[in-house]
Amino acid sequence: MAEKIKVMLAGGGTAGHINPALAIAGEIKKNLPDAEITFVGTPHGMESELVPKAGYAYETMNVAGFQRKLSLTNIKRNAQAAWYLLTSGARARSIVNKIKPDIAIGTGGYVSGPIMRMAAKMGVPVIIHEQNAFPGVTTKMLSKKAACVMLAVEDARPLINTDAPMVVTGNPIRSDILSYDRSKAREELGLDERPLVLSFGGSLGARRINEGMLDLLCRSATDGRYQHIHGYGRYGHFILDEMKKRGVDPENTPNLDVREYIDDMPRVMAAADLIICRAGAITLSELQARGKAAILIPSPNVAENHQYHNAMALVNRGAADIIVESELNGGLVVQKADAILCEPEKLRRMAESSHNMAITDACERIFEVMEKVLAEAGKPIR
């Protein structure tokens, strides 16, 4: 019988790095209930709450990115980041010695760099997962030391210079996103046969997206052409006042559902005909899994403008339209939404193209890669 496998996972900073790591851990536990899984993250990042809550062992190390804009605050932050960098090697070595992993899996974020680099240096097989169409600095750096590089989309392959094998696995997707029935969702939401637009800018709210949705929301309130669910986020309450200034009370407009946070995303995504949102990697993988047409508004405030590249992977395949934030305005949103929703055949083609890009068994593919790498290292798991 194979020995108990010890797995070290690292990924943090944003949900886009943490949730894939948690999904991978869940798949490992499903197949190997006795596996010992330990996460490595920062003391104060989102992962410091999400990982222990999920029941996994957790080790911390201080890591921070360098700020490019020159200011007194950023000079202090960069001094701290430099200190973390100087001390990260010793801390990473200590963690690897403590865990003694059979394999290390990195899903991105600053913390993945030093711990995965040290694991590889100490002879631990390392595999990394890149969620975006444009690979991050950490992925490019670690790819030269990895036993395998796992990609969400084929578009990332030519952008990584490595001798390591590269495998397209897709991004892990929540099972409830895949399974929610569209008819049931529309019935539960009290929808009729009119098209449903779903729009959101994240849990905090993106001011530019909220401003861009005003014209479409107010027109739908007037002519009733579309049903519309919009999530404005924690800092987007101003949109309610702006709508009222235009004579629209969202609380008394039956075809509008304007709320702070969308806490039933599997249901509203299943019900939607057109989705207007940012271009985060996991969100796009969920759109593809559901086969949804989209208008994507990439955030310009992300490393290496990776959301733009994520969006273009769909646009180039006819699955989405795009509005760059510098050109975003209410009139353009209305124009593009009408161009899709008023042409049923175009909507159908976009939805079909989106679904053709979907990879719904990413966790299984990632586990197969792990199994292969372990076997090559002389540690078969079955």
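**Exercise 1. Find which residue stands opposite Met150 in β7.**

Step 1: Go to Met150 and look across to β7; the residue facing Met150 is Val167.

Step 2: Now widen the view to the strands, which are DSSP runs of E with at least two residues, numbered from the N terminus. Strand β6 covers residues 148-151, runs parallel to β7 and is joined to β7 by 3 bridges. Two strands count as paired if DSSP finds at least two bridges between them.

A quick note before you go on: this is a predicted model, where local features need pLDDT of at least 70, side-chain atom pairs count only at pLDDT 80 or more, and totals for chains, interfaces and linings use all residues. Residues are numbered from 1 along each chain as its sequence is written, and side-chain values use heavy atoms, with hydrogens and water left out.

**Exercise 2. Work out the strand order of the sheet, then find the helix α4 that packs on it.**

Step 1: Trace the open sheet of 7 strands: β3-β2-β1-β4-β5-β6-β7, with parallel pairing.

Step 2: Check the edges, β3 (57-60) and β7 (166-168), which each pair on one side only.

Step 3: Add the twist, which averages 20° from one strand to the next.

Step 4: Place helix α4 (residues 112-121) on the sheet, touching β1, β2, β4 and β5. Helices are DSSP runs of H or I with at least four residues, and contact means heavy atoms within 4.5 Å. The direction of α4 makes about 145° with that of β1. Axes here are lines fitted to C-alpha atoms, for helices over the stretch in contact, and angles run from 0 to 180 degrees between N-to-C directions.

**Exercise 3. Find a salt bridge that links distant parts of the chain.**

Step 1: Know what to look for: a side-chain nitrogen of Lys or Arg within 4 Å of a carboxyl oxygen of Asp or Glu. A search of the whole structure turns up 30 of these salt bridges.

Step 2: Pick Arg267 and Glu188, whose side chains meet at 3.4 Å, N to O.

Step 3: Locate the partners: Arg267 sits in helix α10 (residues 265-271) and Glu188 in helix α7 (residues 182-188), 79 residues apart.

Step 4: Recall the general idea: side chains of opposite charge can pair when their charged atoms come close.
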